[in-house]
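Student: Please take a close look at a single helix and how it packs in the structure shown below.

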Amino acid sequence: MRSTSRNARIRATTSSLFTAPVCQGDGRGHIPPAKVPPEPAYTGRVHPRDDAPRDPPGTVRPFVTPGDAPAPPCSLASACTETTAQEDRVTAPIIEIRDVSKRYDDGPPALAGLSLTVAAGEALAVLGPSGSGKSTLLNMIAGLDRPTGGGVTVAGVRVDELTETASARFRRERIGMVFQFFNLLDDLTVLDNVLLPAQLLGTGRAAARDRAVELLDNLGIDRHARAYPGRLSGGERQRVAVARALMNRPALLLADEPTGALDTASGAEVRELLAELNDDGQTILLVTHDLALAESCATRTIELVDGRLARDERAATR
Ligand SMILES: Nc1ncnc2c1ncn2[C@@H]1O[C@H](COP(=O)(O)OP(=O)(O)O)[C@@H](O)[C@H]1O
Ligand SMILES: [Mg+2]
């Protein structure tokens, strides 16, 4: 049973999370591209613009890239109304994957002609045996890796066509990521970990601090603001990671086995938190082996087998 007061607090935190991206639309469900610099024509080369080597496939980098120049924050369209936001929440596709294939070297395809549309407001759980392509799919959506065929559109942006720099900026502005092992920076306090995405985005200090304090408060970890992550339990660390992921009001929250390293009680807490965030409209895609997580949080479950969609079910209830 979810606590009403917690729900109210989450709602207070997240009410603006979802209006930010959707309010930039044209009122008919269309979400324009994030503010990224103009791209040169896509040449088909992996690095149209820079010579920096990509991470090895399968590497999941921090969702922010220290050293990148801060980008201006997303702005709200002035004519936005709450009604439009709620309508768009239900209808606007956040993820559109069209016939995506990914092949590594000579092996069998990690993804084999996969198509998938995820609407704003869905909580999608991706299940499947080891090696079925789940992490590959997540990497494609986050723009951390490129398909060998097909196209990936996230919040109106063809992420498979972005340069690495634009891709990093896109992640900073529109995507929050939560990992199995938290990926917090141990030599920064909890508060500074949560502030980091806003600093990299160039958000003003006062506004960023207000947002971080609000998130920590609403996620029940405000008393740890000055502590270092090493002092916290696994469940608390994952809450910090969720707060950090929400800092820039992402259009999409991606989670890779978010309960995979947690004990039973902490896992239950994180499941409840993710369900509450989705109740309030946050679009979530999570990869998990945790059936309880899929059952308690997901509005829809897909299963991958050999890089193909083997099942696609909407939850009758959650
Ligand atoms: N960097 C890589 N190089 C070669 N093969 C890879 C790489 N990453 C993944 N694969 C292969 O792609 C397939 C899908 O992997 P992955 O997406 O990690 O599956 P899952 O996350 O479902 O366990 C597997 O056969 C795996 O061996
Ligand atoms: Mg995996």
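Tutor: What follows is an account of helix α5 and its surroundings.

This is a predicted model, in which local features need pLDDT of at least 70 and side-chain atom pairs count only at pLDDT 80 or more, while totals for chains, interfaces and linings use all residues. Residues are numbered from 1 along each chain as its sequence is written, and chains are lettered from A and ligands numbered from 1 in the order in which they are written.

The protein has nine helices and ten strands; these are DSSP runs numbered from the N terminus, with helices being H or I of at least four residues and strands E of at least two. Of its 318 residues, 47% count as buried. A residue is buried if 20 or more other C-beta atoms lie within 10 Å of its own, exposed if 12 or fewer, and partly exposed in between, with C-beta atoms placed from the backbone.

The largest nonpolar core has 78 residues. Such a core is a set of buried Ala, Val, Leu, Ile, Met, Phe, Trp, Tyr and Cys residues joined through C-beta atoms within 7 Å. Helix α5 (residues 190-201) gives the most to this core, with eight residues. V194 is among the residues with the most contacts inside the core, as are V126, I141, L252, L254 and L285. Leaving aside residues up to four places away in sequence, V194 touches A212, L215, L216, V240, A243, R244 and M247; a contact here requires C-beta atoms, placed from the backbone, within 7 Å.

Two helices pack on α5. Two packed helices are described by the angle between their axes and the distance between the axes. Axes are lines fitted to C-alpha atoms, for helices over the stretch in contact, and angles run from 0 to 180 degrees between N-to-C directions. Angles under 35 degrees count as roughly parallel, over 145 as roughly antiparallel, 65 to 115 as roughly perpendicular and the rest as oblique.

With helix α6 (residues 205-218), the angle is about 135° and the axes are 9 Å apart, so α5 and α6 are oblique to each other. On the α5 side of this contact are L191, V194, L195, A198 and Q199, which meet A208, R209, R211, A212, L215 and L216 in α6.

With α7, the angle is about 30° and the axes are 7 Å apart; α5 and α7 are therefore roughly parallel. Here V190, N193, V194, L196 and P197 in α5 meet V240, A243 and R244 in α7.

Helix α7 (residues 234-246) has 13 residues that should span 18 Å at 1.5 Å a residue, and its end C-alpha atoms are 18 Å apart, in agreement. The expected span is 1.5 Å times one less than the number of residues. Eleven of the 13 residues of α7 are buried, so α7 is largely enclosed by the rest of the structure. The buried residues include V240, A243 and R244, which are the α7 residues that meet α5.

One residue in the loop leading to α5 deserves a note. F182 lies in the loop between β6 (175-178) and α5. F182 has a positive phi of about 70° although it is not a glycine. Most residues other than glycine have a negative phi. F182 is buried, with 23 other C-beta atoms within 10 Å.

Definitions and conventions: Two residues are in contact if their C-beta atoms, placed from the backbone, lie within 7 Å.
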